[in-house]
Amino acid sequence: MNVLIPFSWLKDYVKTNAGIRDVAKALSEHSFSVEKIIDDDVLEIEVTPNRGDGLSVLGIARELAAVLPVKGFSAEWLKKAFTVKKYSGKDKLKVTISDNSLVPRFSAAVIDKVKVKESPVLIKERLSKVGIRAINNVVDVTNYYMIELGQPMHAFDYDKIAGHEMIVRESKKGEEIVTLDAVKRILPEGVIVIEDGDGRLIDLCGIMGAQNSEVDENTTKVLLFVQVYDPVRIRKSSMSLGHRTEAALRFEKGVDFESVIPSLQTAVGMLTELSGGEVSSELIDLTGTVYTKKHIKIDYEKINKIAGTVIKKDFVNATLSSLGFVIKGNDVYVPSWRYDDIEIIEDLAEEVIRIYGYQKLPNELPGGTLPHHAKMGTFALEDKAKDFLKHMGFFECYNYSAVPGSMAGHGALKVKNPLNADLEFLRVSLTPKLLDVLNKNKGYSETVKLFELSSVYLSKKGDLPDQPYMLGMTVRGVDFLVFKGIVEALFEELRVAGDFGFEITEHPGGVLSCELPFDKLVDAAGGGRVYSPLTGFNSIKEDITIIVGDATSFSEIISAVSNTDVRVNKVGFKDMYEDALTLSIEFLDRAKQITSEETKVIRDGIIKNLDSKYGIKLKA
Amino acid sequence: MKLDIESIKSEAKEMLEKSGEPGSLAEWYSKYLGKKGILRTLTSDVSDLAVEEKKELGRKVNELKSYLEEAYAGILNSVTSIKKDKPLENFYKTLPGKKPEIGHLHLITQAIREINEVFSKLGFIRVRYPEVEWDYYSFEALNMPKTHPARDEWETFFIDLPEDPKLGKVVITPHTSNGQIREMLKGDLPIRMLNISRCGRRQSDINHVPTFYQFEGLVIDKNISITHLKGVLEYLIYNFFGKDTKFRLRPYDFRFTEPSFEVDVTCGICGGKGCRFCKEGWVELGGAGMVHPNVLRAGGIDPDVYSGFAFGWGVERVLMMRTGLKIDDIRYLFENNLKFLEQF
């Protein structure tokens with residue numbers, strides 16, 4: 001979450017010789033990232049979610065006090081310690097809290113004889129710098145201290161609270177409230193609300209007040225209100241209502257429970273001064289939760305081990321103290337504003353090392369033993385396959401993991417919360433999307449070749465889906481045998497051993513596709529090479545043309561030809577015209593020079609063999 | 001009869017290569033293949049021989065015949081084509097070559113290769129873990145309990161499958177950090193892992209895609225400290241972005257690391273001076289940190305003995321930053337418009 005913090009406001013807390021750019025740099029490198037400097041005064045700061053304490057002028061000032069001296073600048077803390085004052089008065093508030101976990105701390109005070117009017121210029125200016133519109137002195141005071149102290153506050157018109165009674169409870173489903181922005185909100189179950197003596201809802205706690213109890217120009221009695229709410233409920237409610245207010249964003253990150261009373265009294269002090277009012281009640285302070293002081297055992301050696309360098313004990317102690325930690329012996333006590341964030345020694349190490357400066361740590365490559373290498377096959381083969389296909393003229397595609405229902409295929413898993421209807425199912429095959437890509441690129445060229453190497457997701461009972469890597473190839477304008485040849489050549493390139501079956505599917509428009517299980521291809525790949533000794537004898541090459549029928553396959557013919565005689569060294573496809581198949585045959589005798597008389601005998605054997613097995617005859 | 005076929009061959013070849021002009025080519029023809037040429041003479045010589053010798057020599061003569069004929073045909077072809085093109089010979093050579101049709105590897109593949117190359121030299125081993133994953137590995141074991149608000153930052157896709165009592169829901173992993181736990185649970189130390197994998201988040205705009213790639217580095221050993229993370233980053237940034245690029249670690253917050261950092265590099269556009277594309281001269285590269293002791297424990301590793309660091313960044317983002325490619329809409333990477341793909 002980003003906050004706007006004026007440098008001029010920070011100077012109320014810290015006196016320094018650093019300029020705004022020095023401050024921005026120091027914060028970015030040691031605390032929070034300063035995203036922007038606006039009008040040479042306002043810092044836009046990204047505060048990480050664990051650091052709710054940083055969402056205020058006070059919080060940023062605390063960081064500056066610790067960080068600036070490390071950067072060689074002065075930093076003098078200007079604010080004095082706060083002492084709690086006693087209040088008295090006749091105005092009462094009857095409070096019932098249905099469940100202490102809703103409001104760990106509840107504080108309030110009534111101020112009478114308030115004159116509602118415009119705020120002074122300084123307050124209006126500061127609010128405007130942080131993007132808040134000034135309304136009147138009462139509302140402005142609550143906003144002013146939310147920014148300065150990080151404590152969201154609310155002001156009620158005391159006389160609009162029926163029976164001066166508050167019941168803090170969780171909402172029932174369907175209850176209604178009209179908030180200060182004049183929006184009627186219908187509540188889900190479990191939102192923290194306040195009901196008054198007439199059973200009306202008068203506050204959407206921690207998010208926004210209700211219109212029925214708001215301060216207006218006729219208000220004379222103000223109930224000033226500072227609480228700590230359950231962060232989880234505030235977050236859930238504000239999200240489900242779609243109403244993310246500055247207050248809610250602070251409450252859900254956790255506010256400092258020990259600063260509740262100081263904040264309330266500071267605001268009361270300012271309000272009485274600006275409005276001419278006076279306190280007319282006792283200080284109401286109900287604590288439902290007891291916070292025990294949290295402490296962590298200091299371990300200087302561990303801090304050095306994490307840093308990888310020696311940070312002196314004195315520096316560690318001084319840094320922790322400057323951030324508000326209290327060191328007693330071996331124990332480091334966590335300040336209340338860091339209560340939710342600091343748990344273990346590693347957290348303390350982070351505090352120390354970030355202030356010391358990550359920049360100052362040396363850069364070293366890790367030494368030690370190298371890890372054991374597993375078999376490296378898959379990725380190397382992927383690269384090989386991709387390069388091969390690229391050189392064969394293919395475009396590599398990357399598609400989303402999810403597809404629309406029309407491309408899902410049988411058994412596809414459903415996405416519970418898809419982004420849109422096009423991404424409803426996890427794909428079980430790469431082909432449908434590749435066909436779609438082909439179709440979308442119709443005008444590109446007559447010949448288009450595409451591939452994608454990605455996983456698909458196959459449902460498996462009681463477990464994660466199987467997620468095998470597939471190689472999908474889709475082509476247009478490529479001859480069937482040429483495409484088949486590319487696949488076969490790929491197998492050769494990957495040295496796939498044995499007979500790796502694959503299927504080419506024909507689609508309308510001269511489109512062909514083939515999808516191979518790449519994991520299985522990897523298992524079959526990298527076959528050993530076999531060396532056949534070279535021979536000094538020449539081979540004789542001859543072509544024969546035979547008439548084939550549709551009932552026999554090419555591989556059957558090839559094995560019939562090869563098996564006729566050991567001297568048939570190679571048989572290859574040469575040509576096919578109508579039903580006439582031309583084979584090129586290489587004859588080789590490894591023991592002596594083969595003669596044309598011998599090849600004639602073998603050839604006759606081949607023809608006889610083909611005839612007796614398949615009724616295949618030589619072309620006349 | 002003795003016959004040195006090989007020497008005839010080499011002599012013929014030599015003469016042929018010297019015959020630059022058609023005139024000398026004719027001379028060659030009549031010497032070897034003409035009516036009174038060497039071949040004819042040999043053929044008639046052979047016919048006079050006894051049966052046994054005839055067979056052996058006949059084969060040799062036949063071989064010589066086809067050699068000479070092919071050689072002649074070859075030279076004749078080249079001579080005539082040169083002759084035909086001669087008037088524009090110089091121009092012809094300036095024409096573009098006839099390129100074989102070569103396709104294109106996707107930008108993401110190219111980026112993954114570059115990243116892998118840098119890390120493999122440091123002994124990192126590339127791995128890949130499930131893309132559709134249990135909540136436990138993607139969140140819970142990474143020190144993110146079920147109700148933790150940090151989970152909201154990952155716009156997670158859920159799969160319509162029954163919940164496992166121990167491992168929770170099935171999600172599309174929103175980051176490669178699920179690989180941290182899975183790698184640790186292999187029980188093989190030390191670890192230098194590079195997990196490059198597909199992830200998914202419920203987002204789609206000019207800067208975000210629902211499917212994207214991340215690479216995750218994880219190093220675990222005894223005595224691993226921030227200095228080692230800085231050393232590896234320095235090596236990566238020097239090799240990937242060039243020696244003029246500087247980097248810095250900034251404090252940040254992630255649940256699965258402690259301390260946590262954001263890594264910035266100097267802006268490639270202004271060179272670190274500060275411009276409208278960067279923050280005071282710096283550009284965010286991604287998150288990193290020292291592995292949280294709870295994460296080590298979830299991976300079965302004793303945090304009192306071992307420590308480590310991890311980082312996980314977007315492949316597409318790092319690629320854009322390195323190449324300075326200003327792709328105006330990152331979704332183009334997954335649209336597969338061939339006019340886009342052909343540019344890389």
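Helix α16 (residues 554-562) of chain A sits across β29 and β30 (580-587) of chain A, at about 145° to β29(A). A second helix, α17 (residues 596-614) of chain A, also packs on this sheet and touches β28, β29, β30 and β31 of chain A. The direction of α17(A) makes about 25° with that of β28(A). As with everything that follows, this comes from a predicted model.

The sheet under these helices is an open one, with 4 strands in the order β29-β30-β28-β31 (chain A) and antiparallel pairing. Its edges are taken by β29 (568-577) and β31 (617-618) of chain A; each has a single partner strand, so one side of each is left without a neighbour in the sheet. For β31(A), that partner is strand β28 (residues 540-547) of chain A, and the two pair in the antiparallel sense over 2 bridges. Within this pairing, Ile546(A) has Leu618(A) in β31(A) as its bridge partner.

Chain A also holds an open sheet of 3 strands, ordered β1-β4-β3 and again paired antiparallel. Here β1 (2-6) and β3 (33-38) of chain A are the edge strands, and because each has a single partner strand, one side of each is left without a neighbour in the sheet. Neighbouring strands of this sheet are turned by 25° against each other on average, ignoring direction. Between β1(A) and strand β4 (residues 42-46) of chain A there are 5 bridges, with the strands running antiparallel; Val3(A), for instance, has Ile45(A) in β4(A) as its bridge partner. Helix α2 (residues 20-30) of chain A lies across β3 and β4 of chain A, running at about 160° to β3(A).

Stepping back, chain A is divided into domain 1 (2-77), domain 2 (94-287), domain 3 (295-358), domain 4 (377-524) and domain 5 (540-618). The C-alpha centres of domain 2 and domain 4 of chain A are 60 Å apart. Further along the chain A story comes helix α13 (residues 431-440) of chain A, which is mostly covered, with 7 of its 10 residues buried. Among the buried residues of α13(A) are Pro432(A), Leu434(A), Leu435(A), Val437(A) and Leu438(A), and Lys433(A) is buried as well. The cover over the buried residues of α13(A) includes β22 (402-403), β24 (448-455), β25 (469-476), β26 (505-507) and β27 (511-517) of chain A.

Chain B, for its part, is split into domain 1 (5-94) and domain 2 (107-341), whose C-alpha centres lie 69 Å apart. Contact between the chains involves 70 residues of chain B and 73 residues of chain A. On the chain B side, the largest share, 8 residues, is supplied by helix α9 (residues 226-241) of chain B. By type, the residues on that side of chain B come to 35 nonpolar, 16 polar and 19 charged.

One chain B residue is worth a separate look. Glu258(B) is covered by the "binding site" annotation in an unreviewed UniProt entry, and is placed in strand β7 (residues 257-266) of chain B. Glu258(B) counts as buried because 23 other C-beta atoms lie within 10 Å, and 20 or more is the cut-off. Leaving aside neighbours within four places in sequence, Glu258(B) is in contact with Gly289(B), Met290(B) and His292(B) in chain B, and with Glu346(A), Asp347(A) and Glu350(A) in chain A.

Technical notes: Residues numbered from 1 in each chain as written. Chains lettered and ligands numbered in written order. Predicted model: local features only at pLDDT ≥ 70, side-chain atom pairs only at ≥ 80, totals over all residues. Domains from an automatic or database assignment. Pairing = 2+ DSSP bridges. Axes fitted to C-alpha atoms, helices over the stretch in contact; angles between N-to-C directions. Contact = placed C-beta atoms within 7 Å. Nonpolar A, V, L, I, M, F, W, Y, C, P; charged D, E, K, R; others polar. UniProt positions renumbered as here; feature names shortened; annotations may be inferred. Buried ≥ 20, exposed ≤ 12 C-beta atoms within 10 Å, placed from the backbone.
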